[in-house]
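Reader: Could you take me through one helix up close, along with whatever surrounds it? After that, I'd be glad of a wander through the rest of the chain.

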Amino acid sequence: MKKLFVTTALCAALPFGAFAQDKPDTLKVGMTTFLTGSASVFGVPARDAMDLMVASLNEAGGINGVPVEVIYIDEGAGAEALTSEFRRVSGEAEVMLSAISSGNCQTLAPLAEDLQVPNLMWDCGTQRIFEENDYKYVFRTQANATAEMMAAVVYLLKMKPDFQTIAVVNQDYAWGRDSWDIFSTALKAMKPEVEVLGEFFPKFGSPDFSTEISRLQALRPDVILSTSWGGDLDTFVQQAFQRGLMNSSTFVLPLAESSLERLGSSLPAGHVVGARGDHYFLHPERRDDEDFKTFVSDFKESTGSIPIYSVFHAAQALEAMKAAYARAIEENGTEWPTEDQLLAAFEGLEFQAYGRPITLREDNQGIEAQLMGMSVQSGDYPFATLEDIMIFDGAQLLPPVGETSIEWIKGLDASFPDSVEAASYDN
């Protein structure tokens, strides 16, 4: 943001609240998302949603009369190009939205802090960001891996309490390793008798899972966990379905809400599906609300597809940014906030997009409800939908501020699943 210099004489003549910046002609926002590569099935819908939402926002007058312009950065271009583009775009933008990949967030969060640009982590999951560092300029507008994995564990223990063995197939990078660390630590605390039969970490973007599937068919675990996402998850599930693996093991797929439509009939009934928040185009608490119905309809009309959780996460980031500007403008009695005023407005911010309301904790971590369900091929759609839905209170799935996830989880026991508040729905 521009810095403001006001002479003493002029200060005396200005009313309270005028000590702020002039309105810019345009509010420029930088957003990283996967536009190429296997993860583009996840990143492109988020971009398309942002375009729709920003067009609607600008048609309604923008933010306090200022139109918003989004500059996109392709996360699929590689780490060096991403970092370079982030530096370049942050020189123009007042706010940055990054990133999808947990590995990229671990790189860009400290970079945003160094560059002193407000950055909303709009989708990445790694819990390490705020557990290992304190940030002034970085905020997360959704949950992290801890809440997402804890919801999956709790749901599994409620729905399939008698399983005895498990195996994991996760992408070999920060998200895949960290999410399994959380999930497996939670299992040891809540159901220590479960035996881990295999741990497989194929390369990110792998096109072939035949080796892992063959090993799993020999091991025959009761449960197979995969926190993979995007093209990797689609490929793994499709190949597992084709070889009959899904008939012998229950799959737990905490990120599979984003793959339902693409998988079609390849995801049969009876497998655990998560939504990385309470994101679902048939959200049982929101589907009859006019704003929700309009958004889903407009997105389907524009793209030909249902909105997935990356779309809903993009909506949350935009709503958080709008709410922070509105709060900063109102609380400071100004036409446009300074950077410090904007940063202060993010502290403890409450906002809502197309799920339950979200609050930013004092460590800048978002508290977000978590939706889990079982896949069912009902025939209403040419792909699996969800039944036996539970929506968990997100605050109960996170460690207290100042505690690390792993140490907090180690202190839990078998009573924890019953202590977590959950609303249940048939479909």
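Author: Let's start where a helix has just ended: right after α8, Arg220 takes a positive phi of about 50°. That's worth pausing on, because most residues other than glycine have a negative phi. This is a predicted model, so read the angle as a value computed from predicted coordinates.

Now step back into the helix itself. α8 covers residues 210-219, and its buried residues are Glu212, Ile213 and Leu216. Those three span an arc of only 90-something degrees, 95° to be exact, around the axis, which puts them on the same side of α8. The general helix rule fits here: an α-helix has 3.6 residues a turn, so residues three or four places apart point the same way. Flip to the face turned away from that buried side and you'll find the exposed residues Thr211 and Ala218.

What sits over the buried side? The cover includes three strands, β6 (165-169), β7 (195-200) and β8 (223-225), plus the helix α9 (230-242).

Since α9 is part of that cover, let's hop over to it and pick out Val237, which is found in this helix. Val237 has 0% relative accessibility, so it counts as buried. Leaving aside residues up to four places away in sequence, Val237 touches Met246, Leu253, Leu263 and Ser266. There's a link back in the other direction along the chain, too: Val237 and Phe209 are 28 residues apart in sequence, yet their C-alpha atoms are 9.4 Å apart in space.

For another helix to set beside α8, go to α3, residues 79-90. It has twelve residues and reaches 16 Å from its first C-alpha to its last, close to the 16 Å expected at 1.5 Å a residue. Its buried residues are Leu82, Phe86, Val89 and Ser90. They cover an arc of only 90° around the axis, which puts them on the same side of α3. As for neighbours, the buried residues of α3 pack against the strands β1 (27-33), β2 (68-74), β3 (95-97) and β4 (119-121), and against the helix α4 (102-115).

Two of those partners, β3 and α4, have a loop between them, and Ala99 is in it. The peptide bond joining Ser98 and Ala99 is cis, with omega at about 5°. That stands out on general grounds, as most peptide bonds are trans.

Carry on through α4 and you come to the disulfide. The structure holds one, and it joins Cys105 to Cys124, with the sulfurs 2.0 Å apart. The pair ties together distant parts of the chain, 19 residues apart: Cys105 belongs to helix α4, whereas Cys124 lies in the loop between β4 and α5 (128-132). The torsion about the S-S bond is about -95°, so this disulfide is left-handed. Both Cys105 and Cys124 are buried.

Between α4 and β4 there's a loop, and Gln116 lies in it. Like Arg220 after α8, Gln116 has a positive phi, near 55°, in a residue other than glycine. Its relative accessibility is 47%, so Gln116 counts as partly exposed. Another positive phi turns up at Asp388, near 50°, though here the residue is in a strand, β15 (residues 385-392). Asp388 is partly exposed as well, with a relative accessible area of 32%.

Finally, zoom right out. The chain's secondary structure comes to 15 helices and 16 strands. Its C-alpha trace spans about 80 × 45 × 40 Å along the principal axes. With 427 residues, a compact globule would have a radius of gyration near 22 Å, and the chain's own 22 Å agrees with that. Of those 427 residues, 57% count as buried. The chain exposes about 16,600 Å², and carbon and sulfur atoms supply 46% of that area. Contacts reach a long way along the sequence, too: among those with a separation of 6 or more, 70% come from residues 24 or more positions apart.

Conventions. Residues are numbered from 1 along each chain as its sequence is written. This is a predicted model: local features need pLDDT of at least 70, side-chain atom pairs count only at pLDDT 80 or more; totals for chains, interfaces and linings use all residues. Side-chain values use heavy atoms; hydrogens and water are left out. Helices (H or I, at least four residues) and strands (E, at least two) are DSSP runs, numbered from the N terminus. The expected span of a helix is 1.5 Å times one less than its number of residues. Buried means under 20% relative accessible area, exposed over 50%, partly exposed in between (1.4 Å probe, protein chains only). The arc is that of the directions from the helix axis to the C-beta atoms. Contact means heavy atoms within 4.5 Å. The radius of gyration is taken over C-alpha atoms; the globule rule is 2.2 Å times the number of residues to the power 0.38. Accessible areas come from the Shrake-Rupley method with a 1.4 Å probe; for residues, only the protein chains shown count as cover. A disulfide is a pair of cysteine sulfur atoms within 2.5 Å.
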